[in-house]
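Colleague: I have the model open and would like to go through its contacts with you. Can we take them one by one, with the reasoning spelled out?

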Amino acid sequence: MGPLSRDAWAQRLGAFRASPSAFMAGPEGEDLGRDLLGDLRSEKLNEQTKVSLLALSLEYPAQLWPDVSAAEVAATSLLDTLVLLPPRPSALRRPLLLAATTALAAGGALGPTSGASCRLLPLLLGLAAGSDLGRGFVPASEQRPLQATACECLRELESCKPGLLGGSLGLLRGLLGQEGPVQPLSLLLALALRNTLVLQSRVGAGLGGLLTDKVSPTGGGPWDWTLVEEGDGRLQPQAPSWPAAEEGEGERSLTAREHSPEEARELRAAVIQLLDTSYLLTPVAQAQLLWLLGWALRGLQGQPPALFKPQLVRLLGTAQLTLLHAVLALKAAFGEALFTAQDEALLLRRLTLAAQHPALPPPTHLFYLHCLLSFPENWPLGPEGEEAAPLLLGPQLCRGLLPSLLHDPMALLARLHLLCLLCAEDEEEEKGQLPSPRHYLEELLAGLRQRAALDEGPRALATVCFQASYLVTRCLAGQPTVLTPLIHGLAQLYRVRPMLASHFVDFLDQVDSELREPLKVVLRQEVVSRPGRDEALCWHLKMLAKVADGDAQSATLNFLQAAAAHCTNWDLQQGLLRVCRALLRAGVRGGLVDLLQVLARQLEDPDGRDHARLYYILLAHLAGPKLGVALGPSLAPPALASSLVAENQGFVAALMVQEAPALVRLSVGSHGGKGPLPVLKLQPEALEPIYSLELRFRVEGQLYAPLEAVHVPCLCPGRPARPLLLPLQPRCPAPARLDVHALYTTSTGLTCHAHLPPLFVNFADLFLPFPKPPGGAGLGFFEELWDSCLPEGAESRVWCPLGPQGLEGLVSHHLEPFVVVAQPPTSYYVAIHLPPNSKLLLRLEAALADGVPVALRTDDWAVLPLAGDYLRGLAAAL
Amino acid sequence: MAQRAVWLISHEPGTPLCGTVRFSRRYPTVEKRARVFNGASYVPIPEDGPFLKALLFELRLLDDDKDFVESRDSCSRINKTSIYGLLIGGEELWPVVAFLKNDIIYACVPLVEQTLSPRPPLISVSGVSQGFEFLFGIQDFLYSGQKNDSELNTKLSQLPDLLLQACPFGTLLDANLKNSLDNTNFASVTQPQKQPAWKTGTYKGKPQVSISITEKVKSMQYDKQGIADTWQVVGTVTCKCDLEGIMPNVTISLNLPTNGSPLQDILVHPCVTSLDSAILTSSSIDAMDDSAFSGPYKFPLTPPLESFNLCYYTSQVPVPPILGFYQMKEEEVQLRITINLKLHESVKNNFEFCEAHIPFYNRGPITHLEYKTSFGQLEVFREKSLLIWIIGQKFPKSMEISLSGTVTFGAKSHEKQPFDPICIGETAYLKLHFRILDYTLTGCYADQHSVQVFASGKPKISAYRKLISSDYYIWNSKAPAPVTYGSLLL
């Protein structure tokens, strides 16, 4: 594409500026950067158009040249264009230098390996030094402006790559001493000096001869990539961690560093040189110089902050925002070392008068007020980082800074904050002292409420009234003398202008319960005391939905009953139902049932009727706490911004059973059923308080009859729970696995379901003793059982290993309840009833040292292998 | 200490967007630093469209102020400075320095050289004051001598080039954009002596110095028991020094007559090289006594080329120039008003103009008026519900004038009659507008002997004085009126 005309470019630039992202996404986006670079050399375009192209590249390099290599190419092209300019004055040299610098710095291409960087840096330094670059490169009339521009470019590069000019300090100092332009060189030197000091101290090096050497010791040009690398590419903040300035000993030790006497002398000389000519700089540049030097010298040994003293009086007299701000920065950096108590008092007075001086614009006043409340005191008393009135700022000084109704909202709030701080300090207020700040505060708030109550007033008047009230409650919490009138004033405001209900709801949401609870009570009274048709009914309902609770039920219900007749449209009906819902949550039941029934029948809107019915059903079927949770705010964010959806999600969360990790553990205790059925003794243990626990069991393989669920009203961690007895009804005498589920309610009211680890019913858990035969004829009874097993049953002999306790120990530990005949320690006859109707008979006789032969009989074949395993495992189980 | 971006937005209520971005400038190298410094809390500078919308919303300049919007109206969103956080695309851009002046919103985003969460205190952000100074500088440039919209447009079109000089990389070099304008217009030749950055060239011609003192007097008069009337003088001294040489040294003195009122709260221009401690410490905060420093007030300085405000001061004169009372009573359908004004004998009775504006807020148009006045004429603006009592150039010999009458109003129509949140019911004021030439209330003056010039040639000295009223209110004494804390200190 050939070069575009001037108009075509103007149009294209306009389209780009309207929305850069949209333009770049469009068909022309891709070529814009390339076209721009190309057309800069076009002879058809005039300089003005080219300047506008360069201006675009100064603002949007990331869009035009989105990656490092593109930025490098662009910078190279811009430098080529610069070199090719004919040797006559041109408006393009400055913007070309700026554009090349911007492209490299913003594109991340600046570095020792970048060809464009290696061309740009010597060029800039040469221009800054005012040296002859040959070939009429710089026409004489442009020399000085370009010198300044080159300094600015170098400063920007140094800002982006701290340490870059570490090797040029001596050169820059020399230039500043000669006739170079004062401001650009001063700022450049100050920045490079600050960065070098910080970086050198980080690597523990001194300044060496950097401040005196006119040529860099590193060779290969005066820029110091090694220092940049030592800096790790980390940028240097102007005022590192200001808030910590007072107590930041750690910070201080980081910057504390030693310089040789010679270095210290040179450094001091350089700083004095900069400060002495600082009056030649524009005020904003002076401020930058002070910020840079102040924080660079902070904590530096041998560099007394008194160097700054000669500047201070001059600066304190001005009205310049940047200069006074810079003085505050020096104050924060040096504290008492630069500002005596008297100086501090003077600074505070100047700040106080600047914060109200009629000749200064309002935004300045507000900023100075902020500075007053964040004033870096020599000896701060209050907590760090909180706004507070400085100690020296007494009521006398504050007099002119107090708010009045005539102030605009921001000034009013800022000054109100100060007034609140005064009132908070003024607790031991002298009686009879007029006018008392607290009384003034009350009057002011009353005035604000009066304005907020105006029918035609803009919303901003209401907003500022509530913001002021909120500020007061925050600053003066716990002071009933302030809060009580505030509560009544607000109630009165609501009476006059109920349409501010949204503000009230927001206010109630924000304030502490100290104010919220009493305010809710009076607001509720305001609403319910005026039943019937009212234009403000929708606001009343909105208000009531916020403030209704279990108290004053009958008045609230009466109001709602009366209101129901007037709720003719959907909005009002929803409002009404929201109040019902709030009452449901608060646990109101009595009269509400009737009201909901009436609403479910009477409301015109089917949606309203449905809702009323739903609430009625919930009220009738759910217990209080559960209801509270069901109607509580939804835990899940609603997928749609609809109240109904949100409400439904709330129900879903609250009424449905939630899958949850098991909050309860079960362990099987010792068995020991005496009754006709084996009973499993379970020991439950809760990890969190849980309620209404229901444990459900399922037997795998239907070996037993289905098991009854077990109910536990409440389980608390740390509180021992009674063991649970689970009767088993085996269908065959076999061990089994029980699947366990728990259903419970958490303390937040949610119903949860959890799958617990399975429980195992062992063979021995099924053992039951035979009823004792009358008369103690044990042996006969046993023999009878023994004989009855055959011929249908089975017989076997098993070797039962014995542990160190011998036979007696084994029996007493495992088989005691089932022993029918015992001749300790040699012979035991054991009869075990295995439900439903099997028996297992054991004869343990003639034990040897390591085992005992066991003769066993059973009437159930299937039991035999189980019994064998059981006996063989006994010794190990001991 | 740098700015990430700057915007000028015209506020256009009633249009779909309620505003237009008239100018914007971004600084990508600063933006790159912001990304590093702010780390995870970095929020990029948005495009103009979203920025405009978010800023107008935050400043309450959109037309849809009707409904409560929590993100703007919540009582906990308290803003006490002109520095805002703007919600854009779910993220909060902070700090945005912004203010509205003459229907233009000036906005910029200073670089914060640390993480933004937690937010550092504003006082520790060096770019904030620079941002303000930048915006004030642009405002001064746009409105100095600007008369109409086309001039404003011309000046707006000059801004890109000017900022290329005054703020090429986001770090402001000179808030006085006119210097940059001069710089672009004619490049100065290399000077052997050090040239101050705030002085772009040198003056050639007859040496002359002009000093003009403008005092504004404001007052709140209540005519009530327990509430003190207050008044204050605010002075501005403007100088123009046309002197040859790069750095001519000048000392300008302001003098007071023997019964003059001491100057206080003096703020000087940065070109003043040193200040007497008596000047620095004389302040309205302290209780006045006879030992107060009463001049001469000497200001040694090196003047810039252009006209500059040498200093501002305030002063507490013993009496207000015009003492008045205003009584207004609602009587059934009409208002009965009585006004009495008395010029103090010490004040020069020779006005350029003097008039009392008597507005009636929150009422309908004036339908009927009967009045009697001892002096001057009354103009009636029925639709605006406003009376203007034109007193003229001189008070009569008695120095005392009065106006009484009854006013009846029609039905209110919201479009035409002004709304005022303060003047509700009988709360009302009248406001005096007057100007007296060649006079200051403090007595402060500069004359031939006030100027010492340490340069070749004796300059011609011209000095001007004038007194202007500003916020000179007299409140209806029959109804509550807004008071300041100072009025309660009797």
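Colleague: What makes the pairing of Asp471(B) and Lys431(B) a salt bridge?

Modeller: Keep in mind that this is a predicted model. The N to O distance between the side chains of Asp471(B) and Lys431(B) is 3.9 Å. The cut-off is 4 Å between a Lys or Arg side-chain nitrogen and an Asp or Glu carboxyl oxygen, so the pair qualifies. One salt bridge is found across the interface of domain 2 of chain B and domain 3 of chain B.

Colleague: How many polar contacts does the rule find across that interface, and which elements of domain 2 of chain B take part in touching domain 3 of chain B?

Modeller: There are nine residue pairs in polar contact, both partners at pLDDT 80 or more. On the side of domain 2 of chain B, strand 6 (208-221) and strand 21 (460-475) each give two or more residues. Strand 21 of chain B has the largest share, nine residues. By class, that side has eight nonpolar, two polar and five charged residues.

Colleague: Where are these domains in chain B, and how far apart are the C-alpha centres of domains 2 and 3?

Modeller: The assignment puts domain 1 at 2-182, domain 2 at 208-319 + 441-474 and domain 3 at 322-438. The C-alpha centres of domain 2 and domain 3 of chain B are 32 Å apart. Domain 2 of chain B brings 15 residues to the contact and domain 3 of chain B brings 20.

Colleague: How do you know that two parts with centres 32 Å apart are in contact?

Modeller: Contact is judged on heavy atoms within 4.5 Å, so the distance between centres does not decide it. The buried area adds to the picture: domain 2 and domain 3 of chain B bury about 1,500 Å² between them, 56% of it on carbon and sulfur atoms. Leu467(B), Tyr472(B) and Ile474(B) supply 40% of the area buried on the domain 2 side, more than any other three residues.

Colleague: Now chain A. What salt bridge joins domain 2 of chain A and domain 3 of chain A, and why does the pair count?

Modeller: Arg524(A) and Asp549(A) meet there, N to O at 2.7 Å. That is within 4 Å, so the pair is called a salt bridge. The count between these two domains is one salt bridge, and one residue pair is in polar contact, both at pLDDT 80 or more. The side of domain 2 of chain A has two nonpolar, no polar and two charged residues.

Colleague: What area do domain 2 of chain A and domain 3 of chain A bury?

Modeller: About 500 Å², with 60% on carbon and sulfur atoms. Four residues of domain 2 of chain A touch seven residues of domain 3 of chain A, and the C-alpha centres of these domains lie 31 Å apart.

Colleague: How many residues meet between chain B and chain A, and what area is buried?

Modeller: 101 residues of chain B contact 115 residues of chain A. The buried area is about 9,400 Å², and carbon and sulfur atoms give 66% of it.

Colleague: Why is Arg33(B) with Glu156(A) called a salt bridge?

Modeller: Their closest N and O atoms are 2.8 Å apart. The limit is 4 Å, so this pair meets it too. The count between chain B and chain A is one salt bridge, alongside 33 residue pairs in polar contact (both at pLDDT 80 or more). The chain B side has 54 nonpolar, 22 polar and 25 charged residues.

Definitions and conventions. Residues are numbered from 1 along each chain as its sequence is written. Chains are lettered from A and ligands numbered from 1 in the order in which they are written. This is a predicted model: local features need pLDDT of at least 70, side-chain atom pairs count only at pLDDT 80 or more; totals for chains, interfaces and linings use all residues. Side-chain values use heavy atoms; hydrogens and water are left out. Domain bounds come from an automatic or database domain assignment. Buried area is the accessible area (1.4 Å probe) that two parts lose on being put together, summed over both. A polar contact is a pair of N or O atoms within 3.5 Å; within protein, one must be able to donate a hydrogen and the other to accept it, and residues adjacent in sequence count only if both atoms are side-chain atoms. Ala, Val, Leu, Ile, Met, Phe, Trp, Tyr, Cys and Pro count as nonpolar, Asp, Glu, Lys and Arg as charged, and the others, Gly among them, as polar. Helices (H or I, at least four residues) and strands (E, at least two) are DSSP runs, numbered from the N terminus.
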